[in-house]
Structure formats: C-alpha cells, structure tokens
Amino acid sequence: MTKREVDRAPAYPLTRVALIGLGGAADRILLPALKTLPHVQLVAGSDLDVATRERAARRWQIGRIYSDPRTMLAEEQPDVAIVATPPLTHGDLCVLALEHGCHVFCEKPFMPSVEEADRVIAVAQRAHRAVAVDNQYYQMPIYRT
C-alpha cells in the first residue's frame with residue numbers, strides 16, 4: 001500500500017484477523033481480498049497440511065503460521081476468525097473461535113444441519129459475538145437440497 005493510499009484510508013480501528021484454513025478458498029479469494037483492506041491486519045493463519053502452510057506463508061507473507069487453530073487463537077487473540085476449512089469442520093471451528101472471543105466469518109456452506117447451525121448461533125449469542133456466512137452461490141442446487 002502506498003503512502004497516498006494509507007493517507008486516504010478510512011479511520012477505522014485496525015481489525016486483527018486470523019484465518020483457519022489456508023487452502024483453495026483462502027488462496028484464491030480470501031487472502032487477496034484481505035490484503036486490499038487497509039483497516040485489516042492479517043495476524044496469523046492455520047492449516048493442518050504442512051505444504052499448504054508453507055505455500056501460504058511464502059506467497060502471502062503471513063506473519064505467523066500454525067498447525068493448530070486452538071494454539072493460534074490463544075496466542076494471537078484476533079478480533080475476527082475466518083473459517084475456510086471443509087464444511088464438516090465448520091461447527092467445531094466456529095465454536096472454538098467464538099469461545100476465544102472472536103467474531104466469525106464462515107465459508108459456505110455454513111453447517112451440515114440445522115441443529116449444528118443452532119448450536120453455533122447459541123454459542124455466538126452467549127459470547128455476544130457475530131457470525132457471518134459467505135454465501136455468494138446461494139442459487140446453486142446444493143442450497144435448495
């Protein structure tokens with residue numbers, strides 16, 4: 001970001017963001033988008049796969065990379081956690097992030113069941129945190145199912 005861009009950036013407070021899952025969605029969509037936001041500081045990322053972690057660290061200059069999201073959330077204490085992992089892991093990872101005091105942005109599909117969605121929403125309400133879902137493909141047949 002140039003000095004001119006910084007000078008023109010809105011006076012928002014800096015939001016500390018951690019990314020859980022550094023695979024395809026992170027690499028193609030989330031990380032490029034995060035890098036354009038002047039009021040967002042990407043503090044860390046986590047992924048179970050060593051090669052994925054190494055690629056993301058190299059390509060996106062992510063400050064700190066973790067294999068374990070629990071450790072990352074405890075050490076980095078981000079304001080927001082983005083969950084960009086396979087859908088069957090979303091529930092537990094959203095709850096983990098909420099329990100660490102984060103607001104959550106979850107990739108789609110949100111949850112595999114209404115019961116799992118209700119569980120995450122209840123945890124968010126108790127924690128007084130927001131949960132948002134990336135759902136740009138709402139017209140796809142899978143969502144009707």
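**Sheet, pocket and backbone features of the predicted model**

Q77 lies in the loop between α4 and β4. The model is a predicted one. In it, Q77 has a positive phi of about 50°, although this residue is not a glycine. Q77 counts as exposed, because its relative accessibility of 57% is above the 50% cut-off.

A second residue of this kind is H128. The loop between α6 and β6 holds H128. Its phi is also positive, at about 55°, and H128 is not a glycine. H128 is exposed, with a relative accessible area of 66%. Most residues other than glycine have a negative phi, and most peptide bonds are trans. Against that background, the peptide bond from K108 to P109 also deserves mention: it is cis. Its omega is near -15°. P109 is found in the loop between β5 and α6, the latter spanning residues 114-127.

The strands were examined next. An open sheet is formed by 6 strands, with parallel pairing. Their order is β3-β2-β1-β4-β5-β6. The edges are taken by β3 (64-66) and β6 (131-133). Each of these has a single partner strand, so one side of each is left without a neighbour in the sheet. On average, neighbouring strands of this sheet are turned by 25° against each other, direction ignored.

Two of the strand pairs can be described in detail. Strand β1 (residues 15-20) runs parallel to β2, and 6 bridges join them. One residue pair at this junction is I20 of β1 with its bridge partner S46 in β2. Strand β4 (residues 80-83) and strand β5 (residues 103-106) also pair in the parallel sense, over 4 bridges. Here V83 has C106 in β5 as its bridge partner.

Strand β2 is mostly covered. Of its 7 residues, 6 are buried. Q41 is placed in this strand, which spans residues 40-46. Q41 counts as partly exposed, because its relative accessibility is 33%, a value between the cut-offs of 20% and 50%. Leaving aside neighbours within four places in sequence, Q41 is in contact with L14, T15, R16 and V17. The C-alpha atoms of Q41 and V17 are 6.0 Å apart in space. In sequence, 24 residues separate the two.

Open space in the model was then considered. Rolling a probe the size of a water molecule over the atoms shows where empty space is left. The largest pocket has a volume of about 240 Å³. Its lining consists of 14 residues. Nearest the pocket centre lie I20, L48, T85, T89 and L93. I20 thus appears both in this central group and as the bridge partner of S46.

Helices contribute to the lining as well. At least two lining residues of the largest pocket come from each of α4 (69-76) and α5 (90-99). The most is given by α5, with 3 residues. By class, the lining of the largest pocket has 6 nonpolar, 5 polar and 3 charged residues. α4 also borders the loop that holds Q77.

Key
Residues numbered from 1 in each chain as written. Predicted model: local features only at pLDDT ≥ 70, side-chain atom pairs only at ≥ 80, totals over all residues. Heavy atoms only, no water. Pairing = 2+ DSSP bridges. Axes fitted to C-alpha atoms, helices over the stretch in contact; angles between N-to-C directions. Buried < 20%, exposed > 50% of the residue type's maximum accessible area, 1.4 Å probe, protein only. Contact = heavy atoms within 4.5 Å. 1 Å grid on protein atoms, 1.4 Å probe; cavity = no way out; pocket = protein on both sides within 12 Å on 5 of 7 lines; lining within 4 Å. Points joined across faces, edges and corners; volume = space filled by probe spheres on them. Nonpolar A, V, L, I, M, F, W, Y, C, P; charged D, E, K, R; others polar.
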